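The following exercises introduce a structure to a reader who has not met it before. Each one sets a task and then works through the solution step by step.

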Number of protein chains: 2
Amino acid sequence: MEITKLIRPASIAVVGATERPKTFGCTASLQALKSSVKDRVYLVNPTRDELHGQKVYKDLADLPEIPDCVVVATPRDTILPILEQAARLGAGSAVVYASGFSEEHSEEGDALEARMVEVSKEYSFPILGPNCAGLLNNEDNISLWGLGTDFDMNTRVGGVAVVAQSGYIAQNLINTDYFNISYAVSTGNGNATMLEDFLKYVVDDDRVSVVAVYLEGLKDASKFADALGAAARKKKPVVILKSGKSSKGAKAAASHTGNLAGSSAAYEAAFKKFGAISVDSIEEFISTSQMFSVLKGNFLKPATFAGLNLSGGENTLCADLSEKHGVSLPDFAPETITEIEKYIPAFATASNPLDGTTALFSKLENIVSVIRAAESDPAIGGIIFGANIGEKVTGGPPKTIVDAVLAAIESGCSKPVFLVGSQESSKDQEIRRVVEAAGVPLTSCGETGYTSLGKLTEFMNFDPDSSSLRLAAPDAPLPEGSVALSESESKREMAVYGLPVPTQVVVKDTDELAEVAAKMNFPLVLKIDSPDILHKTDAGGVKLGINSAEEAGVAYGEILASCKAYAPDARVNGILVQEMAPKATEIIIGVSNDAQFGPMLLAGLGGVFVEVFKDVSLCPCPVTKAEAIGMLKNLKAYKLLAGYRGSAPADIDALADLMVAVSDYAAEHRNELKELDLNPVFVYDEGKGVKVVDALVVKAGIGGKE
Amino acid sequence: MEITKLIRPASIAVVGATERPKTFGCTASLQALKSSVKDRVYLVNPTRDELHGQKVYKDLADLPEIPDCVVVATPRDTILPILEQAARLGAGSAVVYASGFSEEHSEEGDALEARMVEVSKEYSFPILGPNCAGLLNNEDNISLWGLGTDFDMNTRVGGVAVVAQSGYIAQNLINTDYFNISYAVSTGNGNATMLEDFLKYVVDDDRVSVVAVYLEGLKDASKFADALGAAARKKKPVVILKSGKSSKGAKAAASHTGNLAGSSAAYEAAFKKFGAISVDSIEEFISTSQMFSVLKGNFLKPATFAGLNLSGGENTLCADLSEKHGVSLPDFAPETITEIEKYIPAFATASNPLDGTTALFSKLENIVSVIRAAESDPAIGGIIFGANIGEKVTGGPPKTIVDAVLAAIESGCSKPVFLVGSQESSKDQEIRRVVEAAGVPLTSCGETGYTSLGKLTEFMNFDPDSSSLRLAAPDAPLPEGSVALSESESKREMAVYGLPVPTQVVVKDTDELAEVAAKMNFPLVLKIDSPDILHKTDAGGVKLGINSAEEAGVAYGEILASCKAYAPDARVNGILVQEMAPKATEIIIGVSNDAQFGPMLLAGLGGVFVEVFKDVSLCPCPVTKAEAIGMLKNLKAYKLLAGYRGSAPADIDALADLMVAVSDYAAEHRNELKELDLNPVFVYDEGKGVKVVDALVVKAGIGGKE
């Protein structure tokens, strides 16, 4: 749905306008009248003639023009007729602040919200809310904000677009001067017009340098993926604070905006696929968004840093925090060391990070020289300063550092410089404003600052060309129920997609068995083939290492007897006979079809590694080969694949090809596949390939059991 | 060494007093003259008669009394004669600020510092420094601080004792009003009087409610352990920021104060053993210290919280951050729910954490009632408020919350209440002062705040009675070189300590073998027994599963031939014959003798769990049985021991007994044992015991090879 008239209306009607302080009707009127389109703002109230010094209209139908946006600031039960009227009149959009809709989980609330969504669809009429704080467009000076704020639309322009599923958090971000603001949208219940719609809009807007999303849950993962994909291709950072990660948090989110939090692992995997930046707390959210908004695309190349510090203690902490948060501090080149040594005392060491000592930091021109020396080192992408900038400190006052950084930039330093502050430094808004104007982010809190630098490093290292940048979400919810394919059927489906499965035949009697066994290479494996027996080993349905036709005959009888006892009513296709694959490293490749993101590919080393250590990688399908290799490298157990303690490396290439084939299968079958489990896949030494030793495909629908 | 005269001198001489600003000689004079003992402060300078309005003495020998503390504020090369003179005169202590000693790694600097340590020892003369910022005793109003500060000794009394191996960090902590200060000591190189000495002093002082240690490396782990043990017994929190955890950080620390960072894992294990609180950054250090200083021992029982929040978004984040940081939010009792429901809107849910909604938070008396309801719940130990307290927020102003908390305390709420602030709230010193006076910690930053609450939880859950609260550090550095015992010798040593080892005999020829084998239960294992062949399998020195005397004879010959080829010069004791233990869960128990902390016990599941996943627990010896069980529970692989997927639980009790026996052995042999490796120990089902299948003891000294 086109939402420009909601985000950038040329005319606004406020229905339910009042002068009663601290009400939506009063605040929304005042905000609209502060907007750049104030001459085309119309207040509506049937019982008043004048409010806020403005003429008041009795009814929407009386306005001199059809408004682009109708702000509905009336109580819940009056809202639907107003929306219907507005839509019928041809108004362009609406905002609804009131709560009492689907977030209440009441029959009445649900019905009202369902009708609202219908109106929106029927008339292609975008509606922000209900249960929201409104929208602030600081790029075009338009406020549809419904809560008290003294935000001044002529300031803090050009920066972060905040899209939040919490009015409280959005309100906090605009009311405190953390960073410049392009947009702030509180999306409320977000069923008519979704968070995903606003996200796409601000990603597309080139005036926005970073998008900050507070997310409890998604409505439409495909729309979300479109927006994140567009951002990835533009290299525009999207910082996401996903809450509801814990079980109590998920419950809290559900009762807040009615969002199901979904699997936290699936969300994280989806963010990673699109190079979106996932943070854990409001502090990281603010610090990282602010950093990107100041950098404005002046990203580092390479994604490495020189750490310059004022004292030994600070320098040691800089090294520790950098390692902890994945911030790379490469060694300086010999020429850099020689150059830096000119400016530091003889007892100091010109290493990275650098303890410049107070001797260095008391001379501005020397600091500038050290910055320029570090900058000219090709191994260095950017420069981090200290952890206590802005403090009352011993020796060289921090003003020297600030002045030196500005002087270095003045003198032509083009690699980005970062001032990592302590808890206190963020208080000094004066310093912040000066350095930010020069493109220097001043992050608050050492630990938070280094976390943000780590996120920047990850963002820089993300290659959008390595990812498919799309999802294979089902077109509609999958049917109820599930139908399991037998092992042989499952493997046949896999074989069609080019997966290497062992030679296999299902036999119905011992004559067939003898005939088949005669043509195969021993040792063989015999297994029960039944869609109703999924735990074959538990049922006594598997015999390994069969070395002769005689042994095969005995095994045949034992399997049937044992399975009969285990599951008397199971449908049995026969006995699956296959050549036994030689032992190798065992990998589990799986797919589960996430209700939101569609099929998620899973990879892990077999057995306890997956079950006890939870050492698995997830990625939404479709996955590219680069993504598949990335998934394997993210496993702790990757060492075992890469050649552990002198053993030969495994055939990672063939395994990645198999993963891509599985992903293609899953993406094509996204509207029917529920689960897929290749457990184990045998991975042989490099160049020797892989083999799918067992397979289970479960499709949606009615028919299976166990 | 007794250091009271250094920390609490009744008289002070400042040698090298001057009026030249920003020099140690000037600052130290002014600081001393601000002290409570200002009438007994003597300035010494051979070239001046009066300074700072005071009479100046030409020489230490001229003073009207022998001073308790001599502050030496002169250049490096003049210092030793002054210290010698002071010590000879019978002065009680000294402070040396100058740098240029052992931290420079120069021959001259090392020699000067060695002499300083000699003087200190010879005269029992405590010396703070060199390369330090001095000492501030805010309990007795005495300042020996050498750097510029406007710290006012009449304020911020009663609180944190800062003991720091960085003058810069100590300076920052006193110059910024993070928390009240009892003491601040910058320990500099700390070879004469050590950080460990100051630590013990402040632990013993009951006016100190929390000790905050910035640590780069230890000089004397036993002294450190004594101090931490005393703190644990008193339940006095010691918060430690150990830097140099990363490899670059360790290098940085070494060039800062000459400290070897040591193994970060060993430090963490030692902190844990004593219940000391280890933090990762300055922010956590400040936030956690401040929290404890405000609580002043009003610890929670149980260590659980009710989370009360102002908005849905905040509430969701509260749940997530609590889970992430180990902060427990138990469900409310039914009566608590009934009570809380009286004060929240019908659509809100009375769960923990609680989204009180703005409706609750606009009525002070209702907030008070909810606090009291939560407090009366026996499952709740304390109350956390929000994550944005102190912000400009929608609806109920935060002042309402502050007032409500104060009113609740006034009305008798005795369980501790915590205000977890956002980035901004720490700026409001006014609110902080009011709530802190009522015993309510206001932590800065949500994430940092929840980290501190997690540390508090850990501290509360630490039981000093479960730990041995001591170390078994070697009395002197171990001799160079190492001597390995053969497997049979190693096992014999273990058997003496009660460890269950398989029946074993070393045979010298095949006749002996036949005789021995006849008396044993097959299957048997034969292994080469040689102190020179440690990798027996590589040498072809192991034969398993021998089922008859004949097989044993063949194996005997093969082992000898193979080992001869592998290591022609190896000394061979014979062939070790033992009954083969039935398979079981394989555990590795090891000891390595840390240069600082002495023997460290290690436990982990055999094979890749230790080597690839690094899933190991460490604890300094001696360990109690409770500590041994705690080590096992800390393993990710513990699930495999506890009974995984319906398998029987392993004999954890017997394994813990074995660990205690190994620890006792290691503690007794701390002056000779280098390493001990029981790999594997077979752990049988509950009640079935354990068996040491292989053992290797390596002692210090000359003699071994390979």
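Two residues are in contact if their C-beta atoms, placed from the backbone, lie within 7 Å. The model to which this criterion is applied here is a predicted one.

**Exercise 1. Overall description of chain A**

Determine which share of the contacts in chain A between residues at least 6 apart in sequence joins residues at least 24 apart, and describe the chain as a whole.

Solution. Step 1: of the contacts in chain A between residues at least 6 apart in sequence, 71% link residues at least 24 apart. Step 2: the C-alpha trace of chain A extends about 100 × 80 × 35 Å along its principal axes. Step 3: chain A contains 24 helices and 30 strands, and 57% of its 706 residues count as buried. Step 4: the domains of chain A are domain 1 (1-133), domain 2 (156-294), domain 3 (298-465), domain 4 (503-579) and domain 5 (585-700). Step 5: between the C-alpha centres of domain 3 of chain A and domain 4 of chain A there are 68 Å.

**Exercise 2. A sheet in chain A**

Establish the order of the strands in the open sheet of 4 strands in chain A, and identify what packs on it.

Solution. Step 1: the order is E21-E24-E22-E23 (chain A), and the pairing is antiparallel. Step 2: strand E21 (504-507) and strand E23 (542-546) of chain A each have a single partner strand, so they stand at the edges, and one side of each has no neighbour in the sheet. Step 3: on average, neighbouring strands of this sheet are turned by 20 degrees against each other, direction ignored. Step 4: helix H20 (residues 549-566) of chain A packs on the sheet and touches E22, E23 and E24 of chain A. The direction of H20 makes about 25 degrees with that of E22(A). Step 5: strand E22 (residues 524-529) and strand E24 (residues 574-579) of chain A form an antiparallel pair over 6 bridges. Leu526(A) is placed opposite Val577(A) in E24(A).

**Exercise 3. A sheet in chain B**

Describe the open sheet of 4 strands in chain B, and state how many residues of strand E22 of chain B are buried.

Solution. Step 1: the strands follow the order E21-E24-E22-E23 (chain B), with antiparallel pairing. Step 2: strand E21 (504-507) and E23 of chain B are the edge strands, each pairing on one side only. From one strand to the next, the twist averages 20 degrees. Step 3: strand E22 (residues 524-529) of chain B is mostly covered, with 6 of its 6 residues buried. Step 4: E22(B) pairs with strand E23 (residues 542-546) of chain B in the antiparallel sense over 3 bridges. Leu524(B) has Ile546(B) as its bridge partner in E23(B), while Leu526(B) stands opposite Lys543(B). Step 5: E22(B) is also joined to strand E24 (residues 574-579) of chain B, by 6 bridges and in an antiparallel arrangement. Ile528(B) stands opposite Ile575(B) in E24(B).

**Exercise 4. Backbone features**

Most residues other than glycine have a negative phi, and most peptide bonds are trans. Locate Ser124(B), Arg156(B) and the cis bonds that precede Pro680(A) and Pro353(B), and decide whether Ser124(B) is buried or exposed.

Solution. Step 1: Ser124(B), although not a glycine, has a positive phi of about 45 degrees. Ser124(B) lies in the loop between helix H4 (107-122) and strand E7 (127-128) of chain B. Step 2: a residue is exposed if 12 or fewer other C-beta atoms lie within 10 Å of its own. Ser124(B) has 10 C-beta neighbours inside 10 Å and therefore counts as exposed. Step 3: Arg156(B) has a positive phi near 55 degrees and belongs to the loop between strand E9 (142-143) and strand E10 (157-164) of chain B. With 18 other C-beta atoms within 10 Å, Arg156(B) is partly exposed. Step 4: Asn679(A) and Pro680(A) are joined by a cis peptide bond with omega about 5 degrees, and Pro680(A) is found in strand E28 (residues 673-683) of chain A. Step 5: a cis peptide bond with omega about 5 degrees also joins Asn352(B) and Pro353(B). Pro353(B) is in the loop between helix H12 (334-341) and strand E16 (354-355) of chain B.

Terms used:
Residues numbered from 1 in each chain as written. Chains lettered and ligands numbered in written order. Predicted model: local features only at pLDDT ≥ 70, side-chain atom pairs only at ≥ 80, totals over all residues. Domains from an automatic or database assignment. Pairing = 2+ DSSP bridges. Helix = DSSP H or I, 4+ residues; strand = E, 2+ residues; numbered from the N terminus. Axes fitted to C-alpha atoms, helices over the stretch in contact; angles between N-to-C directions. Buried ≥ 20, exposed ≤ 12 C-beta atoms within 10 Å, placed from the backbone.
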